[in-house]
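Grab a pencil and open the viewer. Below are some short exercises, each followed by a worked solution, so try each task before you read on.

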Amino acid sequence: MFRLSQYMDQLYDPTPVRPQRGAPKPVVIWNLTRRCNLKCKHCYTVSANVDFPGELTAKQARDTLEDIGRFLVPALILSGGEPLLRDDLFELARRARELVRVLALSTNGTAVTGENADRVAEIGFDYVGISIDGIGTVNDRFRGVEGAYDQALAGVRACKKRGVKVGLRFTITDDNADQLGELLDLCDGEGVDKFYLSHLVYAGRGNKARGDDTDHVRTRRAMDLLIERAAASHKGAAQLEIVTGNNDADAVYFLNWAAERFPAERLAHLRAHLVAWGGNASGVGVANIDTQGNVHPDTYWSEYTIGSVKETPFSELWTGSDPMLAELRRRPRPLKGRCGACAHKSICGGNTRIRALQLTGDPWAEDPACYLGDAEIGVTEPADRLTVRPFTGERHDPQPAFL
C-alpha cells in the first residue's frame with residue numbers, strides 16, 4: 001500500500017526516516033467467509049451468497065485469533081466475502097480489539113446499518129473500509145446487485161454518524177476510470193476520511209477481467225488527480241487521506257512528480273522515506289489467511305499456500321522455512337526484465353509479483369502493469385533484450401518457477 005498523503009506531507013513537513021528494526025510483523029488480512037450478498041465482477045475470492053464447506057469453525061477461528069495476538073501482529077483486517085455475514089464476526093472482533101493495536105473491517109457496506117453499525121462503533125474498530133466502484137448504477141453494475149450503491153452509501157453515513165473512521169475503496173478499470181473525480185467529490189461531500197484506489201490484480205474473477213485493466217494513460221491521469229487532491233488537503237482543503245494499492249510504481253511516479261517541483265534536498269529526503277518503505281510487501285509486511293485457514297503471502301496469492309492454521313499456528317507458518325516467503329523477503333528480489341533493470345526497484349520492490357506470475361508463470365518476470373516509461377525508470381537497454389516472455393493471452397500455471 002502506497003500512502004500518498006503521508007509522503008506528500010514529507011515534502012512540506014519533513015520528519016526523520018525511521019530505520020527498519022528487523023523483519024516486520026505483518027498486517028494480517030483475514031477472509032473470514034466467502035459468503036457475500038453481492039456478485040462483484042472483480043472479486044478476488046469468487047464469493048457468493050451460499051455456504052462454503054470447510055471454512056474455519058468458531059473454535060478454529062478463536063484459536064487462530066489468540067495465536068495472532070501472541071505473535072504481536074500490529075494490525076488485523078477482518079474481511080470476506082462479506083464479514084458481517086459470519087455469525088461470530090462480532091465475537092471475534094471484540095476479542096481482536098483486545099489483542100491488536102489496529103483493527104479494521106473490510107466490507108461492502110450494505111449491512112453496516114442499524115444494530116450492526118451500533119456494534120461496529122461499540123467494539124471500536126479503528127477503520128471501516130467500504131467498497132464503491134462508481135456512482136449509482138455504475139457501482140451496481142460492478143457489484144452485480146441493483147441498489148448496492150445506495151446501501152453502501154447508507155453504510156458510510158452510519159459510520160460517520162457514530163464517529164467511526166470510514167474510507168471508500170475503489171478498483172479502477174477502463175469501465176469506471178471516469179468516475180474517479182466524482183468519487184473524490186463524494187468523499188468531500190460525505191466527510192469520508194480515507195480514499196483507497198486499488199489497481200486491478202489478476203486474481204479470482206479479477207483474473208478473468210484483466211482485459212479491462214486501465215490502460216497506462218488512464219492510470220497516469222488517475223494518479224495526477226490523486227496527487228492533486230493530496231496536495232490540496234495539505235494546503236487547506238478538506239482532509240482526505242489518499243492511499244493506493246497493487247501498483248507500487250505509484251511511488252516512483254510520485255517521486256518523478258516531486259522532482260519537477262521541489263529542490264534536490266527535499267527530493268532526496270522523500271526518496272529516503274520511499275526506500276525505507278520498500279514497496280511491495282507481499283510475504284513481508286502483509287499476510288493473508290483465507291476462509292479455509294490457508295495462509296498466503298497476500299490476499300491475491302490464493303493459489304500459493306504456505307500452510308493451514310488448521311494444522312499449524314499462523315505464527316509458525318510465517319516464521320518457518322517456506323521457500324516462496326524466503327524469496328519474497330530477499331532484497332533485492334531476483335527480478336527480471338524491466339523490473340530487474342529498473343533504477344527504482346529499491347522503492348517499489350518489484351511491484352505486484354502475482355500479476356507477473358499469472359501472466360507468465362514466472363513470479364520474477366516484469367510486472368505488466370508498470371505504466372512508467374523506460375526513461376522514467378532508468379532503463380537504457382532495448383526493450384527486446386529485457387523482456388522475459390511476451391504475454392500470449394493464456395494464463396500460465398502459477399506454480400513458482402523455482403519450486
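A quick note before we start: this is a predicted model.

**Exercise 1. Helix against helix**

Work out which way α1 and α9 cross, how they are oriented, and which residues meet.

*Solution.*
- Step 1: look at the handedness. The crossing of α1 and α9 is right-handed.
- Step 2: get the geometry. Helix α1 covers residues 4-12, helix α9 covers residues 216-234, and they pack at an angle of about 55 degrees with their axes 9 Å apart.
- Step 3: put a word to the angle. Helices α1 and α9 are therefore oblique to each other.
- Step 4: find the residues. From α1 you should have L4, S5, M8, D9 and Y12, and they meet L226, I227, A230, A231 and H234 of α9.
- Step 5: sort them by class. The contact of α1 with α9 has seven nonpolar residues, two polar ones and one charged one.

**Exercise 2. The order of the strands**

Trace the sheet: how many strands does it have, and which ones stand at the edges?

*Solution.*
- Step 1: count and order. Ten strands make an open sheet, running β7-β6-β5-β4-β3-β2-β1-β8-β9-β10, with mixed pairing.
- Step 2: check the ends. Strands β7 and β10 (307-308) are at the edges with a single partner strand each, so one side of each has no neighbour in the sheet.
- Step 3: recall what holds such a thing together. Strands of a sheet pair through backbone hydrogen bonds, in either a parallel or an antiparallel way.
- Step 4: look at a helix on the sheet. Helix α7 (residues 180-190) lies across β5 (166-172) and β6, and runs at about 155 degrees to β6.

**Exercise 3. Following the partners of β8**

Are the pairings of β8 with β1 and with β9 parallel or antiparallel?

*Solution.*
- Step 1: start with β1. Strands β1 and β8 pair in the parallel sense over four bridges, and V27 has V286 in β8 as its bridge partner.
- Step 2: go to β9. Strand β9 (residues 294-296) is joined to β8 by two bridges, and these two run antiparallel; here N288 is partnered by H296.
- Step 3: inspect the turn. The hairpin of β8 and β9 has four residues between the strands, and its G293 takes a positive phi near 90 degrees.
- Step 4: check the faces of β8 (residues 286-289). V286 and N288 on one side, and A287 and I289 on the other, are all buried, so both faces are covered.
- Step 5: step back to β1 (residues 27-31). Four bridges join β1 to β2 (residues 75-79) in parallel, with V28 opposite L76.

**Exercise 4. One threonine in an edge strand**

Is T244 buried or exposed, and what does it touch?

*Solution.*
- Step 1: place it. T244 sits in strand β7.
- Step 2: apply the cut-off. Buried means under 20%, and T244, at 1% relative accessibility, counts as buried.
- Step 3: list contacts. Leaving aside neighbours within four places in sequence, T244 is in contact with M1, F2, Y196, L197, M223, L226 and D250.
- Step 4: compare chain and space. T244 and S198 are 46 residues apart along the chain, yet their C-alpha atoms are separated by 5.7 Å.

**Exercise 5. An enclosed helix**

Why can α10 be called largely enclosed?

*Solution.*
- Step 1: count. Nine of the eleven residues of α10 (residues 249-259) are buried, so the rest of the structure largely encloses this helix.
- Step 2: name some. Among the buried residues are Y253, F254 and W257.
- Step 3: find the cover. It includes α1, β6, α9, β7, α11 and α15.

Note on methods
Residues are numbered from 1 along each chain as its sequence is written. This is a predicted model: local features need pLDDT of at least 70, side-chain atom pairs count only at pLDDT 80 or more; totals for chains, interfaces and linings use all residues. Side-chain values use heavy atoms; hydrogens and water are left out. Axes are lines fitted to C-alpha atoms, for helices over the stretch in contact, and angles run from 0 to 180 degrees between N-to-C directions. Angles under 35 degrees count as roughly parallel, over 145 as roughly antiparallel, 65 to 115 as roughly perpendicular and the rest as oblique. A crossing is left-handed if the near helix is turned anticlockwise from the far one by less than a right angle, and right-handed if clockwise. Contact means heavy atoms within 4.5 Å. Ala, Val, Leu, Ile, Met, Phe, Trp, Tyr, Cys and Pro count as nonpolar, Asp, Glu, Lys and Arg as charged, and the others, Gly among them, as polar. Buried means under 20% relative accessible area, exposed over 50%, partly exposed in between (1.4 Å probe, protein chains only). Two strands pair if DSSP finds at least two bridges between them.
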